[in-house]
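Visitor: I am new to this structure and would like a close look at one part of it. Please take a single strand and follow what surrounds it.

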Amino acid sequence: MTFPMPGFCPAAVVAAATQGSSLNEIVTADSTSFTFTTLTAGVTADAYPIIGLMARSASSFDITSVTLGAQPCIELYKQFNGTTALAFFSAPRGATGNLVVTSSATMVRGAACLTPVFNLKSATTPTAVAVNLSDPMNVTISCEAGGWIGGLAYNGSTSDSISWTNLTEKFDVRPESVAVLSGASDVFATAQTNRSITANPLNTGSGQIMVLMALR
């Protein structure tokens, strides 16, 4: 019979990340506060709600508060192109209810998505972030084994859609006639090193933003 060495404790193994279905919702009324009511149907007690936001204003603004079920959310990353913003937020594990987004100025349309992600080591510290503002939008991003990569892409154009390469598209919505927001995400059993991901709008637009984020 053998015994472990004194003081030795094997490291706990964290299971690979998995994800539930992504839900999205748009708001078409101008306001300094948007409420989204349909995003948390797939959130269970062990899920980290990872939130993607798009907001646009006629003037300079900032997203000042995000809550899910009245619980404060943590900003993971935010990027502006002019007066359009894309941002990722993380809610407390298991949080459900209305998503409320508040801005420092009137937002003239917005959209949100939510993906329940499971088995994360941390839902508040991205392992990598990548941004591109060109057309087509292309970046490389790395991810640890068992991790998750999520992407948001915006284009200011009419009758538009966005196609993704090397990341699975989850939705493509139009919060207004001159804007399209698209989202994509995957989990990866093996480490990804400089994975090249492209979000390609159908039409030339007045401005683009692509934000990618990795979590583990």
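Guide: A good place to start is Gly52, whose bridge partner in strand 9 is Cys113. On another strand, strand 8, the bridge partner of Gly52 is Phe88. The model is a predicted one, and what follows describes that model.

The strand to follow is strand 4, which covers residues 48-57. Strand 4 pairs with strand 9 in the antiparallel sense, over nine bridges. Strand 4 and strand 8 also run antiparallel, and seven bridges join them. Strand 4 is mostly covered, with nine of its 10 residues buried.

The next topic is the nonpolar core. The largest nonpolar core has 26 residues, and Ile51, Leu53 and Leu99 are those with the most contacts inside it. At least two residues of this core come from each of strand 3 (31-36), strand 4 (48-57), strand 5 (63-68), strand 8 (84-90) and strand 9 (99-118). Strand 9 gives the largest share, seven residues. As a general matter, nonpolar side chains in soluble globular proteins tend to be buried together.

Leu99 shows how such a core residue is surrounded. Neighbours within four places in sequence left aside, Leu99 is in contact with Ile51 and Leu53, and also with Phe34, Thr35, Phe36, Leu39, Val66, Thr67, Leu68 and Ala112. There is also a second, separate core of 23 residues, which includes Leu86, Ala111, Phe171 and Ala179.

Two of the contacts of Leu99, Phe34 and Phe36, lead to the aromatic pairs. The structure holds two such pairs. The ring centres of Phe34 and Phe36 are 6.4 Å apart and the planes stand at 90 degrees, so this pair is edge-to-face. Phe34 is buried, because its relative accessible area is 2% and the cut-off for buried is under 20%. Phe36 also counts as buried, at 2% relative accessibility.

Phe61 and Phe80 form an aromatic pair that is edge-to-face as well, with 5.3 Å from centre to centre and 80 degrees between the planes. Phe61 lies in the loop between strand 4 and strand 5, while Phe80 belongs to strand 7 (residues 74-81); the two are 19 residues apart, and the pair links distant parts of the chain. Phe61 counts as buried at 9% relative accessibility. Phe80, at 26%, counts as partly exposed, because partly exposed runs from the 20% limit of buried to the 50% limit of exposed.

The loop that holds Phe61 also brings in charged side chains. Asp62 and Lys78 meet in a salt bridge, at 2.5 Å from N to O. Lys78 is in strand 7 and Asp62 is in the loop between strand 4 and strand 5, so this pair ties together parts that are 16 residues apart in sequence. Asp62 is partly exposed, with a relative accessible area of 31%. Lys78 forms a salt bridge with Glu75 too, and there the closest N and O atoms are 3.2 Å apart. Glu75 counts as partly exposed at 40% relative accessibility. Asp62, Glu75 and Lys78 are thus linked in a network of salt bridges.

The structure holds five salt bridges, and one of them begins on strand 4 itself. Arg56 forms a salt bridge with Glu176, with the closest N and O atoms 2.6 Å apart. Arg56 is in strand 4 and Glu176 in strand 14 (residues 169-176), and the pair links these distant parts of the chain, 120 residues apart. Glu176 counts as buried, at 12% relative accessibility. In general, side chains of opposite charge can pair when their charged atoms come close.

A few backbone details remain, away from strand 4. Most residues other than glycine have a negative phi, and most peptide bonds are trans. The peptide bond from Asp135 to Pro136, however, is cis, with omega near 0 degrees. Pro136 is placed in the loop between strand 10 (128-132) and strand 11 (137-143). Ser159 is not a glycine, yet its phi is positive, at about 50 degrees. Ser159 sits in the loop between strand 12 (147-155) and strand 13 (162-165), and counts as exposed at 62% relative accessibility. Asn194 likewise has a positive phi, near 50 degrees, in a residue other than glycine; Asn194 is found in strand 16 (residues 192-201).

Technical notes: Residues are numbered from 1 along each chain as its sequence is written. This is a predicted model: local features need pLDDT of at least 70, side-chain atom pairs count only at pLDDT 80 or more; totals for chains, interfaces and linings use all residues. Side-chain values use heavy atoms; hydrogens and water are left out. A nonpolar core is a set of buried Ala, Val, Leu, Ile, Met, Phe, Trp, Tyr and Cys residues joined through side-chain atoms within 4.5 Å. Buried means under 20% relative accessible area, exposed over 50%, partly exposed in between (1.4 Å probe, protein chains only). Helices (H or I, at least four residues) and strands (E, at least two) are DSSP runs, numbered from the N terminus. Contact means heavy atoms within 4.5 Å. Two strands pair if DSSP finds at least two bridges between them. Rings of Phe, Tyr and Trp (its six-membered ring) pair if their centres lie within 6.5 Å; planes under 30 degrees apart count as stacked, over 60 as edge-to-face and the rest as tilted. A salt bridge is a side-chain nitrogen of Lys or Arg within 4 Å of a carboxyl oxygen of Asp or Glu.
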